[in-house]
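Open the model in your viewer and keep the sequence panel visible. The tour moves from one selection to the next.

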Amino acid sequence: MLIGCRPQPVTAMKWLRANEVTPISDTHFKIGGLHEDIDYEFRVAAENRAGLGPFSEVSAPVKTYVHKGQLFLSRFFSMIYSS
């Protein structure tokens with residue numbers, strides 16, 4: 001599975017691959033490199049030996065915040081991918 005994210009508002013920023021090296025085989029994934037007080041959008045796609053599948057719809061923007069020294073998303077969200 002591939003997770004893409006991009007900060008909002010979208011300027012010239014392209015989608016970033018959130019799991020550059022780590023394959024995802026679970027239903028959750030911890031994304032590093034996000035910055036505080038920024039809105040991000042996310043999308044996911046399946047990836048296997050046959051290649052990369054279509055991306056899901058883009059999530060609603062989610063703001064990051066710091067609590068007790070750790071960065072969190074302002075709300076939990078689910079993205080459903082079906083082939």
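Start by selecting isoleucine 31 and its surroundings. Leaving aside residues up to four places away in sequence, isoleucine 31 touches Ile3, Ala18 and Phe42. This is a predicted model, so read each stop with that in mind.

Stay on isoleucine 31 and show the backbone around it. The residue lies in the loop between β2 (16–17) and β3 (39–45). Now pick arginine 17, 14 residues from isoleucine 31 along the chain; the C-alpha atoms of the two are separated by 9.9 Å. Is isoleucine 31 buried, partly exposed or exposed? Its relative accessible area is 22%; isoleucine 31 is partly exposed because buried would require a value under 20%.

Next, zoom out and colour by secondary structure. The protein chain has 7 strands and 0 helices; read from the N terminus, the elements run β-β-β-β-β-β-β. The chain has 83 residues, of which 25% count as buried. Among contacts with a separation of 6 or more, 48% are between residues 24 or more positions apart. Switch on the surface: the protein chain exposes about 6,300 Å², and carbon and sulfur atoms supply 55% of that area.

Hide the surface and select Ile3, Cys5, Ala18, Ile24, Leu34, Tyr40, Phe42, Val44 and Val62. These 9 residues form the largest nonpolar core. Both β1 (2–8) and β3 supply at least two residues of this core, and the largest share, 3 residues, comes from β3. In soluble globular proteins, nonpolar side chains tend to be buried together. Three names from the first stop return here: Ile3, Ala18 and Phe42, which isoleucine 31 touches, are members of this core.

Keep tyrosine 40 selected and show its neighbours. Not counting residues up to four places away in sequence, tyrosine 40 touches Arg6, Pro7, Gly33, Leu34, His35, Ala60, Pro61, Val62 and Thr64. Of these, Leu34 and Val62 also belong to the largest nonpolar core.

Add phenylalanine 42 to the selection. Tyrosine 40 and phenylalanine 42 are both buried. How many aromatic pairs does the structure hold? There is 1. The rings of tyrosine 40 and phenylalanine 42 have centres 6.4 Å apart and planes at 40 degrees, so the pair is tilted.

For the last stop, select arginine 43 and phenylalanine 55. The charged end of arginine 43 sits over the ring of phenylalanine 55, at 3.7 Å from the ring centre.

Terms used
Residues are numbered from 1 along each chain as its sequence is written. This is a predicted model: local features need pLDDT of at least 70, side-chain atom pairs count only at pLDDT 80 or more; totals for chains, interfaces and linings use all residues. Side-chain values use heavy atoms; hydrogens and water are left out. Helices (H or I, at least four residues) and strands (E, at least two) are DSSP runs, numbered from the N terminus. Buried means under 20% relative accessible area, exposed over 50%, partly exposed in between (1.4 Å probe, protein chains only). Contact means heavy atoms within 4.5 Å. Accessible areas come from the Shrake-Rupley method with a 1.4 Å probe; for residues, only the protein chains shown count as cover. A nonpolar core is a set of buried Ala, Val, Leu, Ile, Met, Phe, Trp, Tyr and Cys residues joined through side-chain atoms within 4.5 Å. Rings of Phe, Tyr and Trp (its six-membered ring) pair if their centres lie within 6.5 Å; planes under 30 degrees apart count as stacked, over 60 as edge-to-face and the rest as tilted. A charge sits over a ring if NZ of Lys or CZ of Arg is within 6 Å of the ring centre and within 35 degrees of the ring normal.
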